[in-house]
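Here are my notes for you to read with the model open beside them. Please take the points in order and find each part in the structure as you go.

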Amino acid sequence: MKIWNGYGSEHSMNLVLIGKFKKAQDAEKVEKDIEKLSEQALKDESHSLAFDPDPGDLRFSEEMLSLLRSLRLNTLGPAELGQLVSDHRLEREDDRITVKTDEADVSAFVKLFIEAGAKVEVFSAHDYPADSANVS
């Protein structure tokens, strides 16, 4: 007999986040900003911040602060950076960015989209599978 011990979590949100921007250039800029922020977050190991036992000690690295200043982004918090390196699929088509993820926390993406003037829609593909299939 084989006994399997493991930990599993059934937290799959199956979220779809859509940002519709005024211009394709705005969507392209946000996509590039997310790439830059994700790269720096990985270097900073920001993906572990979300699980920090003492969130009061969270700080941006000097490199991340410099990047945030250069991108003129002021609304992201240190704990949100881990969302950018979590398991997600990002697709851009013209003036629209779609993010699909099983994670519940997507505030970093929402903030980045809204700061760039996007109209944002968030829904669960569990409840709206047809809408998810029609998304780029």
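**Notes on the fold and its core**

1. The buried residues of H3 pack against E1, H1, E2, E3 and E4. Please keep in mind, here and throughout, that this is a predicted model. The buried residues in question include Ala108, Phe109, Leu112 and Phe113, and because they fall within an arc of 130° when H3 is viewed down its axis, they line one face of the helix. Just after H3, Gly117 takes a positive phi of about 85°.

2. It helps to set this helix in the whole chain, which contains four helices and four strands. Starting at the N terminus, the order of elements is β-α-α-β-β-α-β-α. Of the 136 residues in the protein chain, 37% are buried. Among contacts with a separation of 6 or more, 74% are between residues 24 or more positions apart.

3. The four strands form an open sheet in the order E2-E3-E1-E4, and their pairing is antiparallel. Strand E2 (88-93) and strand E4 (119-124) stand at the edges with a single partner strand each, so one side of each has no neighbour in the sheet. On average, and with direction ignored, neighbouring strands are turned by 15° against each other. As a general point, strands of a sheet pair through backbone hydrogen bonds, in either a parallel or an antiparallel way. Here E1 and E3 pair in the antiparallel sense over six bridges, and Val16 stands opposite Lys100 in E3.

4. Two helices lie across strands of this sheet, and their directions are worth comparing by eye. H3 lies across E1, E2, E3 and E4, running at about 10° to E1, while H1 lies across E2 and E3, running at about 150° to E2.

5. Which residues have the most contacts inside the largest nonpolar core? They are Leu37, Leu84 and Phe113, in a core of 24 residues. At least two residues of this core come from each of strand E1 (15-20), helix H1 (24-43), helix H2 (62-71), strand E3 (96-101) and helix H3 (107-115), and H1 gives the most, with five residues. This can be read beside a general tendency: in soluble globular proteins, nonpolar side chains tend to be buried together. Not counting residues up to four places away in sequence, Leu37 touches Met64, Leu67, Leu68, Leu71, Leu73, Leu76, Leu84 and Leu112.

6. Several of those partners of Leu37 belong to H2, where Met64, Leu67, Leu68 and Leu71 are buried. These residues are on the same side of H2 because they cover an arc of only 100° around the axis. H1 is included in what covers the buried residues of H2, whereas on the other side of H2 the residues Glu62, Arg69 and Ser70 are exposed. Just after H2, Arg72 takes a positive phi of about 55°.

7. A last detail to check is Ser61, which is placed in the loop between H1 and H2. The side chain of Ser61 reaches the backbone nitrogen of Met64 at 3.0 Å, and Met64 is one of the buried residues of H2. Leaving aside neighbours within four places in sequence, Ser61 is in contact with Gln40 and Asp44.

How values were computed
Residues are numbered from 1 along each chain as its sequence is written. This is a predicted model: local features need pLDDT of at least 70, side-chain atom pairs count only at pLDDT 80 or more; totals for chains, interfaces and linings use all residues. Side-chain values use heavy atoms; hydrogens and water are left out. A nonpolar core is a set of buried Ala, Val, Leu, Ile, Met, Phe, Trp, Tyr and Cys residues joined through side-chain atoms within 4.5 Å. Buried means under 20% relative accessible area, exposed over 50%, partly exposed in between (1.4 Å probe, protein chains only). Contact means heavy atoms within 4.5 Å. A polar contact is a pair of N or O atoms within 3.5 Å; within protein, one must be able to donate a hydrogen and the other to accept it, and residues adjacent in sequence count only if both atoms are side-chain atoms. The arc is that of the directions from the helix axis to the C-beta atoms. Two strands pair if DSSP finds at least two bridges between them. Axes are lines fitted to C-alpha atoms, for helices over the stretch in contact, and angles run from 0 to 180 degrees between N-to-C directions.
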